[in-house]
Amino acid sequence: MKKRLLLLLPILLLTGCEEVETTAPDPLADALSKLQTDICLTGTSTKKREFQSPAYSQNNTEFNSTDKVTILSDKYELVSERNDGETVNRKAFKDQDGFAAEQYLTYQNEVALKPVVDGSGDKVVYSNEYGNPFLDLTVEDLEKETDTTYKIAEEKSLVFCHKLLGEDVQGEIKLTYKDGAFTKLTAENLTNDTFFVSTQNYTKLKVTVGFDYSFDEVTTIADSVTSATNDNPELETALSGLKDGFRFNNLQDGAVTMSSFFDGTSALYQMFSPGATSPSMLDMYFTANDQETMDLYIYMDEGTGFILNDPEVMEMYYEKVSYDYLTSDIQNLSAAIFKKTGTNTYVPEENALNRIGEHIIPGIYDALNLTSYEEFRYATTELTVTLVDENTINFDYTALLTTTATSTRITASFQFAEIGECELPYQPSIA
């Protein structure tokens, strides 16, 4: 046993003497990592656009600008003050799903995010469009030119400029290195040839960009939208009664064409005889069931009466919905998001206009598979609200639908009447 211990002793001693290798810190990698968090760049830029066709050359532009670019983990903003007095602002926020978004004012007077979409209607991934461009770089992408200058690999420059400025140009971009940190970002004559499209005709357009930026202290990015102050007490009073029921009318040239009555628990839709005090063919009655949705009964004739809806026969009401879906959340529409434009007329704040109908247009027609008002929910371009009296409010919507070939202007007029005092014009009898 003693011999065995003596033989092991030199091995243990040798093992204990082995040196552990340590990796020296890389100052360049450390400097790059500091740019891969929140950053702010300030300085000047030049942007030139030159049409290659003489027919378009009068549209050539060249601007010198003073810029500030702030890139945070969930916010991006470029403020570019051009020498012609115009200010260009490129701004985006990152939503909870990682998509680029912009702020808007909701119907409840709250600041929220709505997605940025491309020309095809697809949502834009934030990190692809506005993410920190330095996150795409490693030290291997930095080529040393002098002790104080490094050049970014040119094959990385296109994506880098797209994220940094929203410009699709490429070329030589340089970083200035001093005292263990990168202090400047500069470029000259970053270029790209693209196409300008006009009435289906293409012409070449040369884009040239240069900039001279310094890394600056990071500041916050201010909200684009703030909640509005309520200056409309009369409208607020009328809206407050919607929670107790209302009559929802479709209007055409001011005349009622269809009506839905909501008494707080049930609903009656009259397609052909709005306001009739006795049943008419295809009157539709919604009543609550045990599943917290609404059953639909349809009036056929005097002999048959109301029958439970069969979506395979009537081709409507395929999916049962709640009473709240039928009525929308119109009762929580805030009067504060409107500006008064005349006697008893109002228009929404600009930041609330586009999606103001999102939750305040009743869903009854969608549920019945009669029509959809999605255009007005998500693409409203004009809205006038008229306070007819303390129990009646008219909504006149306009939406502009644009495709690559055409633009179509569509309108709809709705009325909320008998606010707070609505009763069904008759009580349906169901088996």
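**View 1. How much of the chain is tucked away.** Of the 431 residues in this chain, 42% are buried. Keep in mind that this is a predicted model. On the outside, the chain exposes about 23700 Å², and carbon and sulfur atoms supply 47% of that area.

**View 2. The overall outline.** What radius of gyration does the chain have, set against a compact globule of 431 residues? The chain comes out at 32 Å, whereas such a globule would be near 22 Å. Along the principal axes, the C-alpha atoms fill a box of roughly 105 × 90 × 45 Å.

**View 3. Secondary structure and contacts.** Count through the elements and you get 10 helices and 22 strands. Look next at the contacts in the chain with a separation of 6 or more: 55% of them come from residues 24 or more positions apart.

**View 4. Charged side chains.** Here we pick out 70 negative side chains and 32 positive ones. The centres of these two sets sit 12 Å apart.

**View 5. Helix α4 up close.** This helix runs over residues 157-165 and is mostly covered, with seven of its nine residues buried. Which residues are the buried ones in α4? They are Ser 157, then Phe 160, Cys 161, His 162, Lys 163, Leu 164 and Leu 165. As a reminder, an α-helix has 3.6 residues a turn, so residues three or four places apart point the same way.

**View 6. Just past the end of α4.** Step off the helix and you meet Gly 166, which takes a positive phi of about 75 degrees.

Terms used:
Residues are numbered from 1 along each chain as its sequence is written. This is a predicted model: local features need pLDDT of at least 70, side-chain atom pairs count only at pLDDT 80 or more; totals for chains, interfaces and linings use all residues. Side-chain values use heavy atoms; hydrogens and water are left out. Helices (H or I, at least four residues) and strands (E, at least two) are DSSP runs, numbered from the N terminus. The radius of gyration is taken over C-alpha atoms; the globule rule is 2.2 Å times the number of residues to the power 0.38. Buried means under 20% relative accessible area, exposed over 50%, partly exposed in between (1.4 Å probe, protein chains only). Contact means heavy atoms within 4.5 Å. Accessible areas come from the Shrake-Rupley method with a 1.4 Å probe; for residues, only the protein chains shown count as cover. Lys and Arg count as positive and Asp and Glu as negative; His and the chain ends are not counted. The place of a charge is taken as NZ of Lys, CZ of Arg, CG of Asp or CD of Glu.
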